[in-house]
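Notebook open, coffee poured. I wanted to go through this one feature by feature and jot down what I looked up.

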Amino acid sequence: MVMFLFLVVALAVVVAAVTLAVVGGGESGPLPEAAPERLDDRLPPDRPVGRADVESLRFPLAPRGYRMADVDDALGRLGAELSERDSRIADLESALAGARAAAHAAADKPAQEGQQ
């Protein structure tokens, strides 16, 4: 009976010590909130995004998967850069088509003058 009483008191002391440590006993107060993980390797703001940047991009895990804000930011940036590149490609293709048309017109002009 004495041994049982000793175990119950010891268990109560351990539970009380753990509760005080977790809830807020002592000088440190309650346990501080853990800082949420943030995306450390953001896409480079000072240059265009390259393939290696996308391949090395890793999102920190959150309770339900990935942090939506980090993923939305990365996808928004990638979408804007792809749109900009598509626009640049369209402009260059248009300029190339114009240059080809001008070259064909210039090549056809001496041939037409020689026929007259």
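**Helix α1 and its surface**

I started with Val 14, which sits in helix α1 (residues 2–23); helices (H or I, at least four residues) and strands (E, at least two) are DSSP runs, numbered from the N terminus. Before going on, a note to self: this is a predicted model, local features need pLDDT of at least 70, side-chain atom pairs count only at pLDDT 80 or more, and totals for chains, interfaces and linings use all residues. Residues are numbered from 1 along each chain as its sequence is written, and side-chain values use heavy atoms, with hydrogens and water left out.

Val 14 belongs to a nonpolar surface patch together with Val 18, Val 22 and Val 23, and the accessible area of the four comes to about 350 Å². Patch members have over 30% relative accessible area and no salt bridge (like charges are joined within 9 Å, nonpolar side chains, i.e. Val, Leu, Ile, Met, Phe, Trp, Tyr, within 5 Å). A salt bridge is a side-chain nitrogen of Lys or Arg within 4 Å of a carboxyl oxygen of Asp or Glu. Areas are Shrake-Rupley with a 1.4 Å probe, and for residues only the protein chains shown count as cover.

**Whole chain**

I read the secondary structure as 3 helices and 2 strands, in the order α-α-β-β-α. How much of the chain is buried? Of its 116 residues, 10% count as buried (under 20% relative accessible area; exposed is over 50%, partly exposed in between; 1.4 Å probe, protein chains only). The accessible surface is about 9900 Å², with 63% of that on carbon and sulfur atoms.

**Core and Glu 81**

I then pulled up the largest nonpolar core: Leu 43, Val 49, Leu 57, Ala 74 and Leu 78, 5 residues. Such a core is a set of buried Ala, Val, Leu, Ile, Met, Phe, Trp, Tyr and Cys residues joined through side-chain atoms within 4.5 Å. Leaving aside neighbours within four places in sequence, Leu 43 is in contact (heavy atoms within 4.5 Å) with Val 49, Asp 53, Leu 57, Ala 74, Arg 77 and Leu 78.

Glu 81 in helix α3 (residues 68–115) counts as buried because its relative accessible area is 13%. With the same neighbours within four places left aside, Glu 81 touches Arg 47, Pro 48 and Val 49.

**Aromatics**

I searched the whole structure and got 1 aromatic pair. Phe 59 and Tyr 66 have ring centres 6.0 Å apart and planes at 65°, so the pair is edge-to-face (Phe, Tyr and Trp rings, Trp by its six-membered ring, pair with centres within 6.5 Å; planes under 30 degrees apart are stacked, over 60 edge-to-face, the rest tilted). Phe 59 is partly exposed at 24%, and Tyr 66 is partly exposed at 48%.
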